[in-house]
Amino acid sequence: MKKMDRFDLESRIGKAPGGYNCPLAETGAPFIFMNAAGQMHDVTTMVHEGGHAVHSFLSHHLELSAFKEYPMEIAEVASMAMELFSMENWEIYFQNPDDLRRAKIQQLERVITIFPWIATIDKFQHWVYENPNHNLEQRTENWFRIYNEFNSKSIDWSGLETYQKNIWQKQLHLFEVPFYYMNMVLRSLVRLVCGCNSKKVRKSFRSLYSGAFSRGTKTLPELYEAAGLKFDFQQII
């Protein structure tokens with residue numbers, strides 16, 4: 001990818017925001033786009049999109065282009081697992097031991113703290129779509145009710161009340177792919193399992209990835225099974 005100039009990582013004036021991995025079907029070498037800003041998030045974005053890139057390489061051999069474009073239900077497993085798999089090599093980015101330690105702690109905290117937010121969004125979207133005739137006041141009331149159910153009440157929102165009652169709008173899943181966001185729980189649990197067991201499976205890292213991510217025509221439970229994981233919330237927990 002580097003030889004083919006398939007990286008656009010640095011921020012610059014006029015560049016579009018965001019970050020993504022773009023599979024390129026003809027060559028099989030994907031393209032990674034992001035906006036580095038000298039922050040820890042640069043690292044997690046790069047390894048996250050790198051996980052997608054590995055997935056793109058492993059699915060390139062599939063005959064039909066549609067098969068190369070792996071489904072959303074499995075795509076984020078490769079990227080989110082890579083965030084933890086790669087942590088043992090983060091000294092490349094963080095040469096100061098204290099910075100490295102802080103970065104790893106922050107990443108592990110992020111893995112855990114996403115669960116309350118996913119629960120909040122999922123329950124809220126069920127209420128929204130089950131009550132299509134609700135008004136603004138009812139929506140705001142129920143957003144606060146659901147948010148307070150899953151989140152800490154110790155945060156001081158003074159001066160940010162408008163932001164607090166509209167913060168759900170940042171989650172595009174509510175608008176683009178309703179009821180899909182709960183899949184993030186399963187992928188996050190898989191990521192956590194992969195991270196916790198990364199030392200045990202490092203020698204078979206390639207086989208773990210290629211076992212699932214090169215089989216784009218299989219069902220989701222079959223893909224998890226090929227990776228040595230159970231498609232089962234209870235067993236993953």
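# Close-ups of a predicted model

**Figure 1. Five salt bridges turn up in this predicted model, and three residues near the start of the numbering share a network of them.** The members of that network are Asp8, Arg12 and Lys15. Start with Asp8 and Arg12, whose side chains pair up with an N to O distance of 2.8 Å. Asp8 also has a salt bridge to Lys15, and there the closest N and O atoms sit 2.9 Å apart. How accessible are these three? Asp8 counts as buried because its relative accessible area is 16%, and the cut-off for buried is under 20%. Lys15 is buried too, at 13%. Arg12, at 48%, is partly exposed. As background, side chains of opposite charge can pair when their charged atoms come close.

**Figure 2. A salt bridge joins Glu149 and Lys123.** The closest N and O atoms of this pair are 2.8 Å apart. Glu149 belongs to helix H5 and Lys123 to helix H4, so the bridge ties together parts of the chain that lie 26 residues apart in sequence. Buried or exposed, or something in between, for Glu149? With a relative accessibility of 44%, Glu149 is partly exposed. Lys123 falls in the partly exposed class as well, with 32%.

**Figure 3. The largest nonpolar core is built from 15 residues.** Look for Trp117, Ile121, Phe124, Trp143 and Trp168, which have the most contacts inside this core. Helix H4 (97–130) and helix H5 (136–150) each put in at least two residues. Which helix gives the largest share? That would be H4, with seven residues. Zoom in on Trp117 and skip its neighbours within four places in sequence: what is left in contact is Trp143, Tyr147, Ile167, Trp168, Lys170, Gln171 and Tyr181. Apart from the largest core there is another one, of 11 residues, including Leu84, Met87, Trp90 and Val111.

**Figure 4. The second largest pocket holds about 200 Å³ of space.** Its lining is made of Met46, Val47, Gly50, Val54, Met82, Ser86, Asn89, Trp90, Ile92 and Tyr93. Where does the largest share of that lining come from? Helix H1 (residues 40–59) supplies it, with four residues. Sorted by class, seven of the lining residues are nonpolar, three are polar and none is charged. Trp90 is worth a second look, as this pocket-lining residue is also one of the members of the 11-residue core. For anyone wondering how such spaces are found, rolling a probe the size of a water molecule over the atoms shows where empty space is left.

**Figure 5. Pro30 sits in the loop between strand S2 (20–22) and strand S3 (31–36).** Is this proline buried or exposed? Its relative accessibility is 0%, so Pro30 counts as buried. Leaving out neighbours within four places in sequence, the residues that touch Pro30 are Met1, Arg6, Asn21, Cys22, Pro23, Leu24, Ala53, Ser56 and Phe57. Met4 is 26 residues away from Pro30 along the chain, and the C-alpha atoms of the two are 9.8 Å apart.

**Figure 6. Asp5 has a positive phi without being a glycine.** The angle is about 60°. This aspartate lies in the segment before strand S1 (7–10). Asp5 is exposed, with a relative accessible area of 61%.

**Figure 7. Glu73 and Leu220 are 147 residues apart along the chain, yet their C-alpha atoms are separated by 7.2 Å.** Glu73 is part of helix H3 (residues 72–85). At 34% relative accessibility, this glutamate is partly exposed.

**Figure 8. Zoomed out, the chain has 12 helices and three strands.** How much of the chain is buried? Buried residues account for 42% of its 237 residues. Then take the contacts between residues at least 6 apart in sequence: 65% of them join residues at least 24 apart.

Definitions and conventions: Residues are numbered from 1 along each chain as its sequence is written. This is a predicted model: local features need pLDDT of at least 70, side-chain atom pairs count only at pLDDT 80 or more; totals for chains, interfaces and linings use all residues. Side-chain values use heavy atoms; hydrogens and water are left out. On a 1 Å grid over the protein atoms alone, a cavity is a set of points where a 1.4 Å probe fits but cannot get out, and a pocket is an open set with protein on both sides within 12 Å along at least five of seven lines; lining residues have an atom within 4 Å of a point. Grid points are joined across faces, edges and corners, and a volume is the space filled by probe spheres set on the points. Ala, Val, Leu, Ile, Met, Phe, Trp, Tyr, Cys and Pro count as nonpolar, Asp, Glu, Lys and Arg as charged, and the others, Gly among them, as polar. A nonpolar core is a set of buried Ala, Val, Leu, Ile, Met, Phe, Trp, Tyr and Cys residues joined through side-chain atoms within 4.5 Å. Buried means under 20% relative accessible area, exposed over 50%, partly exposed in between (1.4 Å probe, protein chains only). Contact means heavy atoms within 4.5 Å. A salt bridge is a side-chain nitrogen of Lys or Arg within 4 Å of a carboxyl oxygen of Asp or Glu.
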